[in-house]
Amino acid sequence: MRKNIVAGNWKMNFGLDETQDLISGLKKINKTSDAEVIIAPPFTNLFSAFESLKNTNIGLAAQNMHESDNGAFTGEISAEMLKSIGVNTVILGHSERRAIFGEDENLLTEKVNTALKHGMRIIYCFGEELKDRNYGEHQEVVGKQIANTLYHLDADAWKNIVLAYEPVWAIGTGETASPEQAQEMHAFIRKEVKHEYGEDVSESLSILYGGSVKPGNAEEIFSKKDVDGGLIGGASLKAEDFMAIVNAFKK
Ligand code: PGA
């Protein structure tokens with residue numbers, strides 16, 4: 001069966017002390033849901049987070065990685081570097097990486113391939129812009145985003161793929177897709193993946209929703225059949241809010 005997952009994308013927030021404070025806060029709050037919990041602090045705090053999270057049920061992800069194994073890429077971080085400090089999951093394709101840092105589908109395909117080659121799990125983000133939704137093209141856009149970067153993979157590789165549907169218009173805006181809009185898109189995605197890979201892959205695939213998820217709206221979004229958790233930005237920066245979202249998962 002597919003896993004329920006709640007992941008916190010801290011983005012470019014927090015130095016060492018604040019990271020440790022937030023982790024201590026998370027550890028103090030009881031987890032009452034069955035969801036897997038992951039946090040993604042910035043690179044500089046991943047190792048200290050790894051040390052602090054030993055013997056807890058909170059996992060770690062990186063927010064990005066370079067597509068090459070090593071070499072003259074000043075300022076970049078490789079899959080092996082992440083793995084060497086105990087980080088086995090990476091977020092790829094976030095809309096901020098696409099829009100601000102110009103990551104296109106060719107580059108993301110390379111990153112996906114490199115992460116999988118190194119045995120990493122990928123939380124793969126995608127989502128339409130408001131104009132796509134206004135034109136009624138949101139499903140077509142999302143279908144292509146997934147197909148162009150993931151459909152070259154063989155079925156077995158999908159064991160290491162988690163999808164995160166994040167409509168760009170809902171990220172950091174306070175605007176959330178309605179639970180019905182999220183369910184509609186998640187069902188569409190699962191149907192597309194089933195068409196390409198069959199039911200075993202599509203039914204075991206976790207599809208997260210991201211975009212202004214808060215303690216007040218998480219339960220309703222997570223109650224939808226094809227929503228298997230969330231990728232949380234702003235609300236992952238406060239222990240109480242993040243754990244309230246984790247615990248909103250009643251499945
Ligand atoms: P948000 O961010 O929860 O602050 O909207 C979500 C994300 O960017 O992953």
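## Charge pairs in a predicted fold

Let's start inside: R190 has a relative accessible area of 4%, so this arginine is buried (under 20% relative accessible area; exposed is over 50%, partly exposed in between, with a 1.4 Å probe and protein chains only). R190 belongs to one network, in which salt bridges that share partners join R2, R190, E203, K225, D226 and D228.

A word on the basis: this is a predicted model, where local features need pLDDT of at least 70 and side-chain atom pairs count only at pLDDT 80 or more, while totals for chains, interfaces and linings use all residues. Residues are numbered from 1 along each chain as its sequence is written, and side-chain values use heavy atoms, with hydrogens and water left out.

**The overall frame**

The protein has 11 helices and 8 strands; these are DSSP runs, numbered from the N terminus, with helices being H or I of at least four residues and strands E of at least two. Its radius of gyration is 17 Å, close to the 18 Å of the globule rule for 251 residues, so the protein is as compact as a globular protein of that length. That radius is taken over C-alpha atoms, and the rule is 2.2 Å times the number of residues to the power 0.38. Along the principal axes, the C-alpha atoms fill a box of roughly 45 × 45 × 35 Å. Of the 251 residues, 54% count as buried.

**The salt bridges**

Side chains of opposite charge can pair when their charged atoms come close. The structure holds 20 salt bridges, each a side-chain nitrogen of Lys or Arg within 4 Å of a carboxyl oxygen of Asp or Glu. Here are some of them:

| Pair | Closest N and O atoms |
|---|---|
| R2 and D226 | 3.8 Å |
| E103 and R97 | 3.0 Å |
| D228 and R190 | 2.8 Å |

What does the salt bridge of R2 with D226 tie together? R2 lies in the segment before β1 (5-9) and D226 in the loop between α10 (215-222) and β8 (229-232), so the pair ties together parts that are 224 residues apart in sequence. R2 and D226 are both buried.

The bridge between D228 and R190 also links distant parts of the chain: D228 sits in the loop between α10 and β8, and R190 in helix α8 (residues 179-197), 38 residues apart. D228 counts as buried, at 2% relative accessibility.

Now to E103 and R97: is each one buried or partly exposed? E103 is buried, with a relative accessible area of 6%, whereas R97 counts as partly exposed at 22%.
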